[in-house]
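Colleague: I'm new to this one. Could you show me how to read it, step by step?

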Amino acid sequence: MTEKALRLGTRRSKLAMAQSGHVAEAVSRVTGRPVELVEITTHGDVSREHLTQIGGTGVFVAALREALLRGEVDFAVHSLKDLPTQQADGLTLAAIPVREDPRDVLIAAGGAKLADLPRGARVGTGSPRRMAQLNAYARAHGLELETVPIRGNVDTRIGFVESGELDAVVLAAAGLNRIGRADEVTDFLPAETVLPAPGQGALAVECSAGDAELIAALSQLDDPHTRVAVTAERSLLAALEAGCSAPVGALAGLLGDGQIVKEMRLRGVVGTTDGSRVVQMSTTGPVPQTHEQAMALGRELAAEMLARGAAGLMGERAQ
């Protein structure tokens with residue numbers, strides 16, 4: 001007799017379905033059980049307002065978490081960067097699989113790179129974090145860019161460039177890789193130019209905190225290096241008291257020679273969306289061995305950034 005299928009809750013977008021499909025295959029391999037996708041519509045999917053107006057934090061997550069708590073699905077897959085830093089009561093983050101490329105990328109008309117965009121180029125993004133850093137880069141390099149707020153799925157955003165409405169759009173490399181459109185990228189933006197969102201490129205697999213058997217199975221997908229890195233990044237975000245739509249970038253990377261990892265470097269940035277004021281700092285320390293050590297690394301860097309005036313650059317801080 002075939003074991004009952006596990007129900008995986010997912011958003012309906014092409015990207016979410018692709019991400020969840022990858023996780024479903026992996027879960028099926030480790031459990032020997034079939035996995036069926038259960039499509040759930042979230043507030044963030046149906047609202048046409050900009051994310052900063054509808055709350056930003058958690059708009060793509062709440063409906064999935066409610067379905068989990070009601071027992072309508074067994075586990076859910078989120079883009080980690082959409083997940084509020086506060087853990088939901090009754091749920092646990094059972095796995096954070098190996099991270100995809102965390103960088104942001106440019107898709108521009110004529111194959112242009114960021115440095116080659118025409119004077120006055122219109123660059124679309126729905127992210128205050130990207131706007132702040134793109135505008136700061138433009139100021140520092142004598143470029144004239146206009147950042148234009150946009151919403152929509154990957155197809156919609158790339159369509160703005162194809163139609164000539166925009167000169168370029170900025171997207172996450174991970175999403176394009178997952179839906180097989182990485183060949184359309186015209187420029188990979190290094191972290192020195194645009195730091196990604198905390199947790200960007202990583203997925204979060206969440207389930208009921210009371211299901212020990214499922215937690216044990218899902219934990220086989222967990223990547224310890226990815227987990228400590230994103231924990232430090234999200235700790236920075238939480239300590240700045242900022243939501244996931246705030247203009248905050250963070251990236252933790254492991255440093256070492258060859259196969260031996262020796263240290264972790266955490267970089268953080270906060271800026272006004274016009275790019276006129278930016279606080280960018282980094283800290284390097286031993287690779288965290290525990291959740292608490294990773295949290296401490298994020299809090300320490302946040303404290304240094306707040307001492308440099310970061311709080312005043314974020315607009316209203318999340319409560």
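**From the whole chain to one helix**

Modeller: Sure, and keep in mind that this is a predicted model. Let's start with contacts: of those in the protein chain with a separation of 6 or more, 71% join residues 24 or more positions apart.

Colleague: What does the radius of gyration of the protein chain agree with?

Modeller: The idea is to compare it with a compact globule. For 319 residues such a globule would have a radius near 20 Å, and the protein chain has 19 Å, so the two agree. Along the principal axes, the C-alpha atoms fill a box of roughly 65 × 45 × 40 Å.

Colleague: How many helices and strands does the protein chain have?

Modeller: There are 9 helices and 13 strands. As for burial, 52% of the 319 residues are buried.

Colleague: Okay, let's take one helix. What span is expected for α1, and what does it reach?

Modeller: At 1.5 Å a residue, 26 Å is expected for the 18 residues of α1 (14–31), and the helix reaches 25 Å from first C-alpha to last, which is close. Right after α1 comes G32, with a positive phi near 75 degrees.

Colleague: Which residues of α1 are buried?

Modeller: First the general idea: an α-helix has 3.6 residues a turn, so residues three or four places apart point the same way. In α1, the buried residues are A16, A18, Q19, S20, G21, V23, A24, A26 and V27.

Colleague: And what do the buried residues of α1 pack against?

Modeller: Strands and helices both: β1 (6–10), β2 (35–39), β3 (75–79) and β10 (203–208), plus α6 (173–178) and α7 (212–218).

Technical notes. Residues numbered from 1 in each chain as written. Predicted model: local features only at pLDDT ≥ 70, side-chain atom pairs only at ≥ 80, totals over all residues. Heavy atoms only, no water. Helix = DSSP H or I, 4+ residues; strand = E, 2+ residues; numbered from the N terminus. Rg over C-alpha atoms; globule rule 2.2 N^0.38 Å. Buried < 20%, exposed > 50% of the residue type's maximum accessible area, 1.4 Å probe, protein only. Contact = heavy atoms within 4.5 Å. Expected span 1.5 Å × (residues − 1).
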